[in-house]
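Work through the exercises below with the structure open. Try each task before reading its solution.

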Amino acid sequence: MGNALRFLCGQCCKPTAAESDSHRPPTHGVPASVLALAHDLFNFNITSQVPEGLGNHVVSSKKAQANWYRKLLDAWTEAQPPPRTPEEAARLVIETLKRHRQADVEGLLAFYGLPQPHTLVPVTVKPPTSLPEGVTHELQTLPIYAKAVADGDGMTVYVSTADPRESAFVPNEVHEAAIQRSEARARGNRAEADAFHRKITNAGYRVIFQNNEEILARKYRIRLRGIDAPENAMDYGEEARNELIEIIRDKCLRILVYEEDRYGRYVSDVYCGDLFVQELLLKKGAAWHYAAYDKRPELAAWEREARAKRVGLWALPNPEMPWEWRAKERRQGG
């Protein structure tokens with residue numbers, strides 16, 4: 001299983017933007033159902049054999065099954081990063097085998113204990129091919145670490161200064177501190193290296209260790225545009241945060257920035273691969289449509305859809321609006 005994890009989950013388990021430049025993300029968080037599929041694809045790559053027992057769940061022949069696994073192996077290894085959650089693995093299987101019999105696809109998913117098609121939240125919005133009106137700039141992030149997700153609608157992200165959109169704006173003192181830090185580390189002077197890194201972080205940057213190299217990255221605080229998730233201390237607050245983590249953890253994001261709010265956060269639409277993050281959160285019942293600040297009708301429709309299904313926070317007997325909860329907290333605190 002270890003070889004399969006390294007071969008097929010390597011990208012999703014690479015080091016991510018963390019609070020420490022020496023951090024490594026855990027590799028043990030991949031669910032058993034995803035690891036089982038990764039293991040079988042790894043074995044198929046070596047032996048061209050499909051797993052025993054699959055025939056009890058599907059109707060097509062062994063030859064057809066081998067054809068599925070060839071397609072799935074190609075799709076999995078091309079994914080950047082490969083699936084990490086059962087939902088991501090199920091989406092890859094469904095998309096890859098969409099021209100095959102529905103009974104076979106459902107049987108294959110059942111064999112691994114992956115979600116069935118009817119249980120997945122459908123996504124309709126695709127990433128724009130050009131910048132929409134109102135976007136001030138675009139960010140392409142390094143992989144997101146779970147601890148960087150503050151709550152259900154906010155996160156900290158890092159963008160490599162090697163990105164041409166960043167490189168021209170890095171202050172000279174930050175470049176110099178990064179060089180001096182590397183030299184101090186080469187001399188084994190950890191205290192001096194840490195002092196230079198504090199200078200870098202105080203300027204809004206961080207040195208991140210990823211893929212066996214050090215990356216100088218700029219820090220951005222992001223607020224998801226058009227939604228308002230329950231605060232962490234509210235009912236369903238932690239669940240909302242966990243929903244966002246499950247969508248973006250260890251992923252590189254495309255972020256379209258519209259404005260900076262009074263707290264210094266960049267109010268943005270966020271895309272994780274082909275998924276529009278706000279759409280998923282609203283349809284999962286992990287957030288409210290923030291209608292006071294965003295009038296997009298599709299956001300209102302996605303909230304109504306989740307309300308009607310009583311999913312997420314809408315399963316609560318009396319869900320409280322986050323903006324009203326914050327106003328009450330301010331009154332009580334004052």
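**Exercise 1. A first helix pair**

Task: Determine the hand of the crossing of α3 and α4, then find how the two helices are oriented to each other.

Solution:
- Start with the hand. Helix α3 passes α4 in a right-handed crossing. The model is predicted, and every value here is computed from it.
- Locate the helices. α3 spans residues 62-78 and α4 spans residues 86-96.
- Take distance and angle. The two axes come within 10 Å and cross at roughly 125°.
- Classify the angle. Over 145 degrees would count as roughly antiparallel, and 65 to 115 as roughly perpendicular. The α3 and α4 pair is therefore oblique.
- List the residues that meet. α3 supplies Lys71, Leu72, Ala75 and Trp76. α4 supplies Ala89, Leu92, Val93 and Thr96.
- Sort the residues of this contact. There are 6 nonpolar, 1 polar and 1 charged.

**Exercise 2. A second helix pair**

Task: Characterise the packing of α7 and α8 by axis distance and crossing angle.

Solution:
- Locate the helices. α7 covers residues 172-186, and α8 covers residues 190-202.
- Read the geometry. Their axes come within 8 Å and cross at roughly 160°.
- Classify the angle. The cut-off for roughly antiparallel is over 145 degrees, so α7 runs roughly antiparallel to α8.
- Add the hand. This crossing is left-handed.
- List the contact. From α7 come Glu173, Val174, Ala177, Ala178, Gln180, Arg181, Ala184 and Arg185. From α8 come Arg190, Glu192, Ala193, Phe196, His197, Lys199 and Ile200.
- Sort the contact residues of α7 and α8. The split is 7 nonpolar, 2 polar and 6 charged.

**Exercise 3. Two charged side chains in strands**

Task: Is Glu138 buried or exposed? Is Arg223 buried or exposed? Find the side-chain partners of Glu138 and of Arg223.

Solution:
- Place Glu138. This residue sits in strand β1, residues 137-140.
- Check accessibility. Glu138 has a relative accessible area of 16%. Buried means under 20%, so Glu138 is buried.
- Find its polar partners. The Glu138 side chain makes a polar contact with the side chain of Gln140 at 2.8 Å. Another polar contact, of 2.9 Å, links the side chains of Glu138 and Arg254.
- Look further along the chain. Leaving out residues up to four places away in sequence, Glu138 touches Leu131, Arg165, Arg254, Ile255 and Leu256.
- Turn to Arg223, found in strand β5, residues 213-224. Its relative accessibility is 8%, so Arg223 is buried.
- Find its partner. The side chains of Arg223 and Asp228 make a polar contact at 3.3 Å.
- Survey its neighbours. With residues up to four places away in sequence not counted, Arg223 touches several residues, among them Asp153, Asp261, Arg265 and Tyr290.

**Exercise 4. A loop residue and a helix residue**

Task: Where is Arg225 found, and which side chain does the Arg225 side chain contact through polar atoms? Then decide how accessible Ala301 is.

Solution:
- Place Arg225. The residue lies in the loop between β5 and β6.
- Name the partner. Its side chain makes a polar contact with that of Tyr258, at 3.4 Å.
- Widen the view. Beyond four places in sequence, the residues touched by Arg225 include Val267, Asp294, Arg296 and Leu299.
- Compare separations. Arg225 and Val121 are 104 residues apart in sequence and 20 Å apart in space, C-alpha to C-alpha.
- Move to Ala301, in helix α11, residues 297-309. At a relative accessible area of 30%, Ala301 is partly exposed.
- Finish with a distance. Ala301 and Lys283 are 18 residues apart along the chain, and their C-alpha atoms are separated by 9.1 Å.

Definitions and conventions:
Residues are numbered from 1 along each chain as its sequence is written. This is a predicted model: local features need pLDDT of at least 70, side-chain atom pairs count only at pLDDT 80 or more; totals for chains, interfaces and linings use all residues. Side-chain values use heavy atoms; hydrogens and water are left out. Axes are lines fitted to C-alpha atoms, for helices over the stretch in contact, and angles run from 0 to 180 degrees between N-to-C directions. Helices (H or I, at least four residues) and strands (E, at least two) are DSSP runs, numbered from the N terminus. Angles under 35 degrees count as roughly parallel, over 145 as roughly antiparallel, 65 to 115 as roughly perpendicular and the rest as oblique. A crossing is left-handed if the near helix is turned anticlockwise from the far one by less than a right angle, and right-handed if clockwise. Contact means heavy atoms within 4.5 Å. Ala, Val, Leu, Ile, Met, Phe, Trp, Tyr, Cys and Pro count as nonpolar, Asp, Glu, Lys and Arg as charged, and the others, Gly among them, as polar. Buried means under 20% relative accessible area, exposed over 50%, partly exposed in between (1.4 Å probe, protein chains only). A polar contact is a pair of N or O atoms within 3.5 Å; within protein, one must be able to donate a hydrogen and the other to accept it, and residues adjacent in sequence count only if both atoms are side-chain atoms.
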